[in-house]
Amino acid sequence: MSKHIVILAGDGIGPEIMAEAVKVLDKVNQQFNLDLTYSHELLGGCAIDATGVPLPDQTLEAAQKADAILLGAVGGPKWDTIERSIRPERGLLKIRSALNLFANLRPAILYPQLASASSLKPEIVAGLDILIVRELTGGIYFGQPRGIRTLESGERQGYNTDVYSESEIRRIAHVAFQLAMQRNKKVLSVDKANVLEVTELWKEIATEVGKEYPEVQLSHMYVDNCAMQLVRAPKQFDVIFTGNLFGDILSDEAAMLTGSIGMLPSASLDENKKGMYEPCHGSAPDIAGKGIANPLATILSVAMMLRYTFNQEAAAKAIEDAVGKVLDQGLRTADIWTEGSQKVGTSQMGDAVVAAI
Ligand code: NAD
Ligand code: IPM
Ligand code: MN
C-alpha cells in the first residue's frame, strides 16, 4: 500500500536543500520499491506571504493525513518583525504540537572523514555517536502565561513559563530509555535541578522511569556542566535526555562536533512513530540563494524517516552509506570544507549522493 509524505520546503535555504532531499527520496523510492508518494505544502514565511498565516489549515490537514512529513526550515529576517503570534516559528511550533510530536531525536554522529572539519581536535571527536532526546511539545516553549506586559511604572516586562507535568516527562523518558537499550545503555538526564523546580521534577521522574530499565545506566548532570563537557569530552555520552529549551541549545552545540550544523538530521515522533523529519539547522538567511548550503542534514533526515516511520532499514542505511561514500570521494560543501578536499555546491552534493546509492 502506498505511503504519503507531505513536503514542507519552507524558507531561506529550505527549498534548496529540499530539492536535493527529494532527489534522494526519488532514488530510494525507485530502487527499493517503497511505493512512496509526495505532495508539497506551505509552512513558515512562504505560507505567510501566500495566505497571511504561517500554518494554513490546508497544510495542517495534509500533515495530519500524511504518513510522514519532511521539512526544510522556516523563518528569516523578512518576517522577524511581524506580529509574534503569526511568525514562521510559531507555525513550526503549532504543527509540532498539533501532531503531538513530543519526541525529538537528534543524533550527533561524526563521519570519520569529517574529523578535521570539527572545531575540536580529531582525537576528541573520533568515533562520536551521541543521541539527544529532546522533549518537543512542552516546557518553556509552550508554557502559559507568556508575553510582554507593561507594568504600572510604564516599564515593559517579558515573561515565559517553564512547565512540565509528570506524564509529559514520563513518556519522553521511556523513549530515551528504550533507545538507550538499542545503543550503549547509558542515559544522561540533563537538568538545572539546583535552581529550577520544573527540572527537579524532571530528574525525579527520570530516576523513577530508570528503575524500569535496570540494564541502563542513568546519570544526571546540570545543563551548564553538560554544555562544558560536550566540548571537553563528548564521547562520554550515549543518550542525552532533556527538555525542550536545553535540548535546542545542546543539539546545536553537538552539531558542531560533527563538523557542521549542516550535518545534523532530526526526527520528531508521536506515540505511534508518525513523524516529521527535518535538519536541526534553520533557514540560514546569510547563505540563502547562493547554492552553497549543505543538504546532508536534510538527506540524512530522509534516512531517519525511512528507518523510524517506514521501517525501511535497508533504504535508510543505503542513504547513510552513500553520504559516507561521497565524503570518501572528498566532496565537501563550504561549511565542511578543509584543505585538500573538493568544494561543491548544494546540488552537486545531492547529485553525488544519488549517484552513490
Ligand atoms: P541557522 O541554523 O539558520 O544558521 C546558523 C548558521 O549556520 C548560519 O551561519 C548558517 O549559514 C549556517 N548554516 C545553517 N544551516 C546550514 C547548512 N545546511 N549549510 C551550511 N551552513 C548552514 O540559525 P539562525 O541564523 O539562528 O536562524 C535563521 C532563521 O532560521 C531564523 O528565522 C530562525 O528562527 C530559523 N530557524 C528555523 C529552524 C527550523 O525551521 N527548524 C531551526 C533553526 C532556526
Ligand atoms: C529547532 C529550531 C526551532 C526550535 C525554532 C525555529 C522554533 O531552533 O528546530 O531547533 O527552537 O525548536
Ligand atoms: Mn534550534
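**Two ligand shells and a helix pair**

Biologist: How is the shell around ligand 2 made up by class?

Modeller: In this predicted model, the shell around ligand 2 has three nonpolar, two polar and two charged residues.

Biologist: How do you know which residues around ligand 2 go in which class?

Modeller: Let's sort them! Leu92, Leu93 and Cys280 are among the residues there, and Leu and Cys count as nonpolar. Glu89 and Asp248 are there as well, and Glu and Asp count as charged. That leaves Gly75 and Gly282, which are polar because Gly is put in that class.

Biologist: Which helix gives the largest share of the shell around ligand 2?

Modeller: Helix H4, residues 88-98, does, with three residues.

Biologist: And which residues come nearest to ligand 1?

Modeller: Of the 22 residues around ligand 1, the nearest are Gly75, Gly262, His281, Gly282 and Asn294. By class, that shell has 11 nonpolar, seven polar and four charged residues.

Biologist: Now the helices. What makes H10 roughly antiparallel to H11?

Modeller: H10 (residues 296-308) and H11 (residues 313-328) pack at an angle of about 160°, with their axes 7 Å apart. Angles over 145 degrees count as roughly antiparallel, so H10 is roughly antiparallel to H11.

Biologist: Which residues in H10 and H11 meet?

Modeller: Among them are Leu296, Ile299 and Leu306 in H10, and Ala315, Ile319 and Val323 in H11. The residues of this contact divide into 10 nonpolar, no polar and three charged.

Biologist: What makes Arg307 and Glu313 charged members of that contact?

Modeller: Arg307 in H10 and Glu313 in H11 both belong to the contact, and they are charged because Arg and Glu count as charged.

Key:
Residues numbered from 1 in each chain as written. Chains lettered and ligands numbered in written order. Predicted model: local features only at pLDDT ≥ 70, side-chain atom pairs only at ≥ 80, totals over all residues. Near = placed C-beta within 6 Å. Helix = DSSP H or I, 4+ residues; strand = E, 2+ residues; numbered from the N terminus. Axes fitted to C-alpha atoms, helices over the stretch in contact; angles between N-to-C directions. Parallel < 35°, antiparallel > 145°, perpendicular 65-115°, else oblique. Contact = placed C-beta atoms within 7 Å.
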